[in-house]
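Please read these notes with the coordinates open. They are arranged by topic and can be checked point by point.

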Amino acid sequence: MRVDIDIESAGRAAVYRLLTSVVVPRPIAWVSTVSEDGTTANLAPHSFFTIACVEPPIVQFTSVGRKDTLRNVEATGEFVVNLAPEGLERQINETGADFPPGVDEFDAVGLAKEPSLLVKAPRVADSPVALECRLHGTLRLGDSTVVLGRVVHAVVGESVLDGDHPDIARLRPLSRLGRDEWGTVDGVRSIPRVAYADWQKTADAN
């Protein structure tokens, strides 16, 4: 037995609750930007986030509505995606509040900044990973804007590396689920990818 949901008649709020509860877990892009005049930093989490391309390296996040992050990106053409790790839950959540324009969220929630190498927006000093991005383009979709950023520089903390590979058990990234729920990386399992030739051999053997 399944419950049918009429998307056309459900309304925006119900559709939002549905999608954000079933498209899970969603990684968090903790996006830092700076105002056009360079005087005020902004920091906000965006959970509609993924990789768009590898060559060239492009990541994307979606701004639902027009927020300071989007306005700053459009004005400056730059932003930084900071990893949102366990231990900073309070600050990540608080930077998602609707602070008035002109408020520096770093200062408001007590986060240290560090300068980026190639873009003007600062990085979150306590985040183990930062992707410095230049704007590749935007796509307006209804009430939202997809932001595509070309990764021009990346930094990874030595403490989260296993050799030269970022270790998920050390990164401890947070993710967003439905309602007010957040996900952690407990219960990770490793499942190697399967080539068709290997799959066929196993199928034939059975």
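The points below go from the whole chain to single residues.

1. Overall content. This is a predicted model, and the points that follow should be read as statements about that model. The protein has seven helices and 14 strands. Its C-alpha trace spans about 65 × 50 × 30 Å along the principal axes. Of the 206 residues, 36% are buried.

2. Annotated region. An unreviewed UniProt entry carries the annotation "domain: Flavin reductase like" for residues 21-176. That label comes from the record and may be inferred rather than shown by experiment. In the model, the chain over residues 21-176 is 44% strand and 17% helix. The C-alpha atoms at the two ends of this stretch are 9 Å apart.

3. Three-stranded sheet. An open sheet is formed by three strands in the order β1-β13-β14, with antiparallel pairing. β1 and β14 are the edge strands, each with a single partner, so one side of each has no neighbour in the sheet. Between β13 and β14 the antiparallel pairing extends over two bridges. In this part of the sheet, S175 stands opposite G183 of β14.

4. Cis peptide bonds. Most peptide bonds are trans. Which bonds should be looked at here? The bond from V24 to P25 is cis, and its omega is near -10°. P25 sits in the loop between α2 (12-22) and β1 (26-27). The bond from E55 to P56 is also cis, with omega near 5°. P56 belongs to the loop between β4 (49-53) and β5 (58-64). Anyone preparing the model for calculation can locate both bonds from these positions.

5. Positive phi at R172. Most residues other than glycine have a negative phi. R172 is not a glycine, yet its phi is positive, near 50°. R172 lies in the loop between α6 (168-171) and β13 (175-176). Is R172 buried, partly exposed or exposed? Its relative accessible area is 23%, so R172 counts as partly exposed, the cut-off for buried being under 20%.

6. Positive phi at R179. R179 is another non-glycine residue with a positive phi, in this case about 50°. The loop that holds R179 runs between β13 and β14 (182-183). β13 and β14 are the strands that pair over two bridges. R179 has a relative accessible area of 73% and is therefore exposed, since exposed means over 50%.

7. Loop contact at D104. D104 is in the loop between α4 (89-94) and α5 (105-109). Where does the side chain of D104 reach? It comes to the backbone nitrogen of D107, at 3.2 Å. With a relative accessibility of 14%, D104 counts as buried, because that value is under the 20% limit.

8. Nonpolar surface patch. V3, I5 and I7 make a nonpolar surface patch of about 310 Å². One of these residues, I7, lies in helix α1, which covers residues 7-10. I7 has 44% relative accessibility and so counts as partly exposed. The 44% value also satisfies the patch criterion, because patch residues need over 30% relative accessible area.

Technical notes. Residues are numbered from 1 along each chain as its sequence is written. This is a predicted model: local features need pLDDT of at least 70, side-chain atom pairs count only at pLDDT 80 or more; totals for chains, interfaces and linings use all residues. Side-chain values use heavy atoms; hydrogens and water are left out. Helices (H or I, at least four residues) and strands (E, at least two) are DSSP runs, numbered from the N terminus. Buried means under 20% relative accessible area, exposed over 50%, partly exposed in between (1.4 Å probe, protein chains only). Patches are made of residues with over 30% relative accessible area and no salt bridge: like charges are joined within 9 Å, nonpolar side chains (Val, Leu, Ile, Met, Phe, Trp, Tyr) within 5 Å. Accessible areas come from the Shrake-Rupley method with a 1.4 Å probe; for residues, only the protein chains shown count as cover. A salt bridge is a side-chain nitrogen of Lys or Arg within 4 Å of a carboxyl oxygen of Asp or Glu. Two strands pair if DSSP finds at least two bridges between them. A polar contact is a pair of N or O atoms within 3.5 Å; within protein, one must be able to donate a hydrogen and the other to accept it, and residues adjacent in sequence count only if both atoms are side-chain atoms.
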